[in-house]
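Work through the exercises below with the sequence and the model at hand. Each task is followed by a worked solution.

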Amino acid sequence: MEYLVLARKWRPQIFEDVVGQDHVVRTLKNAIKYNRIAHAFIFSGPRGVGKTSVARILSKAINCKEGPGEIPCNVCSNCREITEGVSLDVREIDGASNRGIDEIRELRENIKFSPITSRYKIYIIDEVHMLTKEAFNALLKTLEEPPPHVIFMFATTEIYKVPATILSRCQHFDFKRVSIRQIAENLGKIAASDGITISDKGLLWIAQSGEGSIRDAQSVFDQVISYGGTDIKDDDIEELLGLKDRRFLFDISDAILERDAGRCLKVIDEGYYSGVDMKQFFQILLHHFRNLLLIKITDGGSFLEDLPGDEIDRLKGQAAKATRETHQRLLDILMTEEENVKRSLDPRLTLECMAVKMAYLEPIVPLDEIISKIEHLEKRLLSGLTPERRSTPPNHILPEPVHKTYESGPEGSIDGDPNLWDNYRIFIKKKDPILHSKIRSGTFLSFDSKCLRVGFPEGYIFFDDITENSRLARLTELSKEYFNDEVSITIEVLPRNSVNDDAVSPNGIPQAKGTNDVKNEALNHPLVQKVMDVFEGAELCEVITRDKDR
Amino acid sequence: MSFKNICDQERQKDILQRAIQTERMAHAYLFYGIEGIGKKTSARIFAKALNCREGGIDSCDECPSCVKIDRNTHPDVITIEPKGTFIKIEDIRNLHGQSQFRPFEGKKRVFIMVDADRMNNPSANALLKTLEEPNPSNILILVTSRPYLLPSTILSRCQKLRFNPIQKEKISRFLKEKAVVDRNMADVLASSSRGSIGKALRMMEETSLLFKNEVIEMIAAWDVDKNPLGFLTFADALGDGKKVVWERLDILKNWYRDMLVYKETGETISLIHQDIIPITKKYSDMLTGSDILRGITIIEQAARAIDQNANKQLTLESMMFKLLGMAVGTPQSCDMRVM
């Protein structure tokens, strides 16, 4: 006899053999027992959990010569024919290959003839989600009220592709993923009856690789057997399942978290030559860092259940190596690179670059920490340093010639109107836009005793133009209008480098004002005052200044 | 060709041969791994060994069956390839039809589906039933370098066999024996091919090695102090056709990658361009790691822009400007940056 893979050899033939779908099996058995069998069923669920098998068992149970009973005999001619797939009354149709309306019309033609040897005529349509829209619609009337001798069974992995009108006419059974333990038990049974020795740990590994699908696990088991023979060692399984891939995963994330770019590259190299698919590796890396971040946030929650214990410990160890912010940023890098990796023709290079980028990431200080530091500083400033404020020199360097005037002149009109220069320029712009464009890049130096001093960088292109008498006269005229007073204008040349420094604050005002000033200003703001009025006992705790964009 | 001619892949060969020996062949296999490492060849040899009249676990290459398979005239070994972009549902229906009968003359009918990931959605779904329970004596082998594009329902029905990239030394030895190239050439090809024999052989036939040397020579010969505008010539020399530019940019990119690898690991084993290690070392010392990373991004962006039909000359020149901005730290280049 021809060799059959385990998944086919061990396809369940009675309801009791179906693993992990108790909710489905019990309902169906009771339906048979009380003779309440619906005329249309739809079975949905992930791949390899027993949808087609249940459909076959159900048809056998209904059509069995000994029955109908909960347990098909599997001996009578009807049962045997169904198992072999040659029964005339149980037609198993591949919905993906026969998906058009023509096939459905043909099916409707044949439906009216009564069954030949059995009680019911049963149509099993597998992969039913692939039927076209027209085909589904052509089926609707028949499906709602088929002749009494007809039963439909649909099986699909993608239930959302089946129209609601179909779903509402069927009894819907949703199959669940099979738990690892149940898969392992099933594999153990197979191993025992085929005379194969394998450790429990090995069985668990294989069960795990099935990801809830019993067929996946069985085909891996098959592969393990054909590789290792009847006496299977753990090493064989480890090798075949690519469990070593997980090792690369931990190695590289260790290296990234320790910011060792060289080791990242070496791990990738090693992984590449042992056949790890780089795109797939990227995906598990992404998943890994997501887990790390989740652990960091939740302190290791229940979402880790599907990982083996020693891996969870390692994960926790890695999570502790960096702050939450760093983990977040590492994950951000991975997510932004996702599209690149997908499109890349050379995913290895993309992965290498990404790993190095991640390893280069400077650890950052959490925002809370910075804020608390600032608050601390603020307190110190408020309590101890306030009186000294005036004598502290402004925290930026002013151009050489101006120093004295500025330092001696806090009582000048600048304090009165910090935006003097800005307002002045706006005024000029209104009156004489051309002139404004020429003085715009000037630097305000000082304004006192009716003298406005403005500086221009060395080699300024319009310098000659402005210093020309007629321009100066116009400027003075406008200034008189603005200040309501006679004001003389002095234009000075500034050395190049000092201009650069000064550009930071063109209005010549020290940017870091004392916290008290800011607070007072805020308190005087009408909106704030209104708030204080409405909320009794409200207090102003903190003022956050916005940077003035320039 | 027989199993013993295949370079490396010992474990994979072992699995297949043991399957023949113990008669535990799965009805559906999935061979996957990067391009050019012997997946398709292994599939053909597996088909030969299964049908060989000598009956061993390897093909004899002499019996009529083996000869026919080699000539592609065996009625029971059928190769399915994408016609155009996809493998279409008609092909799958044909496959289904053919699999209904017993093999004509061989022991097993083997379907080899090349680039299986190119099945479109209807085809993949149409294959599911056949793939799960084909008629006896039929074996399906799906071959792909992008298994993650196949639906999980297909993957779950196959026995999966992963093929590994081949170690550099083995490629080099293989090239020396089989393709008659001299030692140096074999080494260079082996390291540039990144583990793929197919790529190494292709590179040998094509002129890409020549390209590479040109690019590298230009980098090496270019002296900023003497010829500050050299980068414009360089951008020009990257070629005209889209494909040529692409290929050369790839070489440049890999060279940057080499610098990065050398900078971080201090080792030269895993460098791609083995023939220009001294130059790589020199430049790698001049740049910081993040500079090199930025360089790779810049080259990638340029390649993408050219792919999207941006002006080739402008793109390449601006790329060179940007690369130059960090590549050389001499005062002269600083001035040029200001310009």
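**Exercise 1. Nonpolar cores**

In this predicted model, find which residues of the largest nonpolar core touch the most other members. Then list what Met113(B) touches, and name some residues of the second core.

Solution.
1. The largest nonpolar core holds 125 residues, and those that touch the most other members are Met153(A), Ile206(A), Met113(B) and Ile141(B).
2. Leaving aside residues up to four places away in sequence, Met113(B) touches Ile80(B), Ile87(B), Leu140(B), Ile141(B), Leu142(B) and Val143(B).
3. A second core, separate and made of 61 residues, includes Ile252(A), Phe234(B), Leu252(B) and Leu316(B).

**Exercise 2. The two chains in outline**

State the secondary structure, the buried share and the share of long-range contacts for chain A and for chain B.

Solution.
1. Chain A has 27 helices and eight strands; chain B has 16 helices and five strands.
2. In chain A, 35% of the 550 residues are buried. In chain B, 43% of the 339 residues count as buried.
3. Take the contacts with a separation of 6 or more: in chain A, 73% of them join residues 24 or more positions apart, and in chain B the figure is 71%.

**Exercise 3. Where the chains meet**

Describe the side of chain A that touches chain B: which elements give two or more residues to it, and how is it divided by class?

Solution.
1. The contact involves 39 residues of chain A and 41 residues of chain B.
2. On the side of chain A, two or more residues come from each of helix 10 (214–228), helix 13 (261–273), helix 14 (278–298) and helix 17 (347–360) of chain A.
3. Helix 10 of chain A gives the largest share, eight residues.
4. By class, this side of chain A has 14 nonpolar, 11 polar and 14 charged residues.

**Exercise 4. A sheet in chain A**

Give the strand order of the open sheet of three strands in chain A, identify its edge strands, and place helix 24 of chain A relative to strand 8 of chain A.

Solution.
1. The order is 6-7-8, with mixed pairing.
2. Strand 6 (443–448) and strand 8 (488–494) of chain A each pair on one side only, so they are the edge strands.
3. From one strand to the next, the twist averages 20°.
4. Strand 6 and strand 7 (residues 451–457) of chain A run antiparallel and are joined by five bridges. In strand 7 of chain A, Leu452(A) is the bridge partner of Phe447(A).
5. Helix 24 (residues 469–483) of chain A lies across strand 7 and strand 8 of chain A, at about 125° to strand 8 of chain A.

**Exercise 5. Two helices of chain B**

How is helix 12 of chain B oriented relative to helix 13 of chain B, and which residues make the contact?

Solution.
1. The axes of helix 12 (residues 242–265) and helix 13 (residues 277–286) of chain B come within 9 Å and cross at roughly 70°.
2. Angles of 65 to 115 degrees count as roughly perpendicular, so helix 12 of chain B is roughly perpendicular to helix 13 of chain B.
3. Helix 12 of chain B contributes Trp255(B), Asp258(B), Met259(B), Tyr262(B) and Lys263(B), and helix 13 of chain B contributes Thr280(B), Lys281(B), Tyr283(B) and Ser284(B).
4. By class, this contact has four nonpolar, two polar and three charged residues.

**Exercise 6. One residue of chain B**

Is Asp307(B) buried or exposed?

Solution.
1. Asp307(B) lies in helix 14 (residues 289–307) of chain B.
2. Asp307(B) has 11 C-beta neighbours inside 10 Å. A count of 12 or fewer means exposed, so Asp307(B) is exposed.
3. The C-alpha atoms of Asp307(B) and Lys242(B) are separated by 7.3 Å, although the two are 65 residues apart along the chain.

Terms used:
Residues are numbered from 1 along each chain as its sequence is written. Chains are lettered from A and ligands numbered from 1 in the order in which they are written. This is a predicted model: local features need pLDDT of at least 70, side-chain atom pairs count only at pLDDT 80 or more; totals for chains, interfaces and linings use all residues. Helices (H or I, at least four residues) and strands (E, at least two) are DSSP runs, numbered from the N terminus. A residue is buried if 20 or more other C-beta atoms lie within 10 Å of its own, exposed if 12 or fewer, and partly exposed in between; C-beta atoms are placed from the backbone. Two strands pair if DSSP finds at least two bridges between them. Axes are lines fitted to C-alpha atoms, for helices over the stretch in contact, and angles run from 0 to 180 degrees between N-to-C directions. Two residues are in contact if their C-beta atoms, placed from the backbone, lie within 7 Å. Ala, Val, Leu, Ile, Met, Phe, Trp, Tyr, Cys and Pro count as nonpolar, Asp, Glu, Lys and Arg as charged, and the others, Gly among them, as polar. Angles under 35 degrees count as roughly parallel, over 145 as roughly antiparallel, 65 to 115 as roughly perpendicular and the rest as oblique. A nonpolar core is a set of buried Ala, Val, Leu, Ile, Met, Phe, Trp, Tyr and Cys residues joined through C-beta atoms within 7 Å.
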